[in-house]
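Here are some notes to read beside the structure, written as numbered points. Please keep the view open while you go through them.

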Amino acid sequence: MDLSAFLSSPVLWVVTIISALYIIYKHVTASFNYFSNQGIPGPQPNPIFGNMWGIWKANLPDYDVDLVRNYGKIFGYFDGSIPNLWVTDVDLIKAIFIKDFDHFVDRRSMEIKLKVMRKWMTLMKGQEWKDVRSSVTPAFTTGKIKRMSSLIKDCVADLCDRLTSATQIEEKIDAKLKFSAFTMDVIARCAFGFKIDTIGSENDVFIRNARVIVNPPTTRSPVGLLPCKSYKQFYFFPFSFLNLFCTVIFPNFLSTFGGVFERLFSIKEMKFFFNLLEDVLRDRSQSKENYHDFIEIANESISEFTKEVDGKTVPMWTREEIDEIIMGQSTLFMLAGFDTTATTLTNTCFQLARNPDIQEKLYDTVITKMEEYGEVCHDMVQDMPYLEMVIQEVLRFYPPLLRVERQCTKDYSYENGRIQMKKGQLVTVPAYALHRMEEYYPDPEKFDPERWNPENKAKRSPYTFMAFGMGPRNCVGMRFAMEEMKIAIATVIQKFRFFPVEETPEKLRFDDGFTQILQPLHATLGIEFRQTFSG
Ligand code: HEM
């Protein structure tokens, strides 16, 4: 047989294809004994997709609860070929997130080199993340947040005007829409130094651009996620189909072709916000005015961050780097702080409508504190333990981010080698499922703020609550979010009463799809003005 006949022979083709398939199969399943070799249980993975086949058919919160129920507190899962240890054991959570954090500094993320976005704290890794986080953290101390509280109060006053109009028109509201408009207003004023003139209007240029960025198309169809405006999935927890494909099934794809994907981010809506911030920073460099917003406060804290060079203390960042870090965190503020906060406010009002006794108790505490403080303000909401208990219970019941993730950054051994983790493997704490474990929260489907009174709280490990994550890489905006939510709830509850109407569901349902941020559906609530309110 001559060479060309040999090369075109059907037998050779069949043998080649079978061999190639065998090699691919071996490659994609090579890690599948990673957990079983250590005696760690878990669902059986499939080639290519690991355990992720079919997640788009499931409602993620229920999916996570079922997995934990079926496989226990520590089990192995495969994101494609990447081993991912799911943990709801409090000792192991403590070890990973606090004690041995230096082995778990990063989250899984793609590398972005594009200006501004490369400074998004959620995506950064290693030492660079530590430096940026350390310089931005002082902007979120209680004192600094108190400075921003007057801006939040202005936004709450506008929210109350819009709710008052709603009581006059229909006596019911789409709570998610109303609170989304409010949180967008807060972000515009605090993070962009911008006042939205017509909140809720499609014609407002800020809202129009923001909507594209914060409302990615979530759908059950993987193809529907391809347009890639779904930053949320990218920057937090890679779950869009494209991301699933790239980071999970072919983990090296993004680092190799990351540049192509960067361009997908660089859409005109994102540029609108960069340009806006550039203008604000330019104007402010020549202004002596005080603004009391995040831009001003972050500028102070980042500029004050120093390093040692040749025994001398010098500024850590150049002016250009400071501007880039501010712009990065301000745009991230919108991505990380918009939906999480709007969703929690919506869920709080839903629970208050469904639990009138809790709503009345909260109302009474607000009225009592009003007598002491005269107005809803930073000091008043800091002095309202019951308000804090209600919000904590809402966050337990519905943590807006379903899962908290870390990537192992250097090999790790837990309990003398009982569990071995290799660099690159993932760790997931399924916050929603953790918060529904009977062992930690008896009768978990009961909404009960009393779980958070000092006596009950002291009986529980702090590692059973992961709504804001945990440890040095927890939510940097937690104090800001709590301040915003407390001022909003205390003010709104003092003026309005929420109640269920025909459209109000018995239990909140959440959007299906890949997104890991809970999206409440049909949160229609009745609302009425409180007769007793004299303000
Ligand atoms: C109810 C509101 C919020 C919730 C439930 C929430 C929750 C979370 C969670 C679970 C994480 C991951 C933490 C971890 O990995 O341990 C996180 C990270 C983060 N959040 Fe929030 N968040 C909220 C509001 C905000 C706000 C208002 C901002 C901005 C001011 C913000 C900025 C961030 C940033 C920048 C990170 C990444 C931190 C880092 O990588 O160092 N969040 N958040």
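The points below take up the ligand surroundings and then two sheets with the helices that pack on them.

1. Please keep in mind throughout that this is a predicted model, and that the values given here are computed from it.

2. Around the ligand there are 24 residues, and the closest of them are Gly 337, Thr 340, Gly 469, Cys 475 and Gly 477. By chemical character, the residues of this shell divide into 14 nonpolar, eight polar and two charged.

3. Which helix gives the most to the shell around the ligand? That is helix 14, with seven residues. Helix 14, which spans 319-354, and helix 20, which spans 478-495, each supply at least two residues of the shell.

4. One open sheet has four strands, placed in the order 1-2-9-6, and its pairing is mixed. Strand 1 (74-79) and strand 6 (403-407) are found at the edges, where each has a single partner strand, and therefore one side of each is left without a neighbour in the sheet. From one strand to the next, the twist of this sheet averages 30 degrees.

5. Within this four-stranded sheet, strand 2 (residues 82-87) and strand 9 (residues 426-430) run parallel and are joined by three bridges. To find one of these pairings in the view, you may look for Asn 84, whose bridge partner in strand 9 is Leu 426. Helix 4 (residues 90-99) packs on the sheet and touches strand 1, strand 2, strand 6 and strand 9, while its direction makes about 120 degrees with that of strand 2.

6. Another open sheet is formed by three strands in the order 3-13-10, and here the pairing is antiparallel. Why is one side of strand 3 (172-174) and of strand 10 (496-499) left without a neighbour in the sheet? Both strands stand at the edges and each has a single partner strand, so one side of each has no neighbour there. On average, and with direction ignored, neighbouring strands of this sheet are turned by 40 degrees against each other.

7. Strand 3 pairs with strand 13 (residues 524-529) in the antiparallel sense over three bridges, and Asp 174 stands opposite Thr 524 in strand 13. Helix 6 (residues 142-169) packs on this sheet, touching strand 3, strand 10 and strand 13, and its direction makes about 95 degrees with that of strand 13.

8. Finally, please return to helix 14, which gives seven residues to the shell around the ligand and also lies across strand 10 and strand 13, running at about 75 degrees to strand 10.

How values were computed: Residues are numbered from 1 along each chain as its sequence is written. This is a predicted model: local features need pLDDT of at least 70, side-chain atom pairs count only at pLDDT 80 or more; totals for chains, interfaces and linings use all residues. A residue is near a molecule or strand if its C-beta atom, placed from the backbone, lies within 6 Å of it. Ala, Val, Leu, Ile, Met, Phe, Trp, Tyr, Cys and Pro count as nonpolar, Asp, Glu, Lys and Arg as charged, and the others, Gly among them, as polar. Two strands pair if DSSP finds at least two bridges between them. Axes are lines fitted to C-alpha atoms, for helices over the stretch in contact, and angles run from 0 to 180 degrees between N-to-C directions. Two residues are in contact if their C-beta atoms, placed from the backbone, lie within 7 Å.
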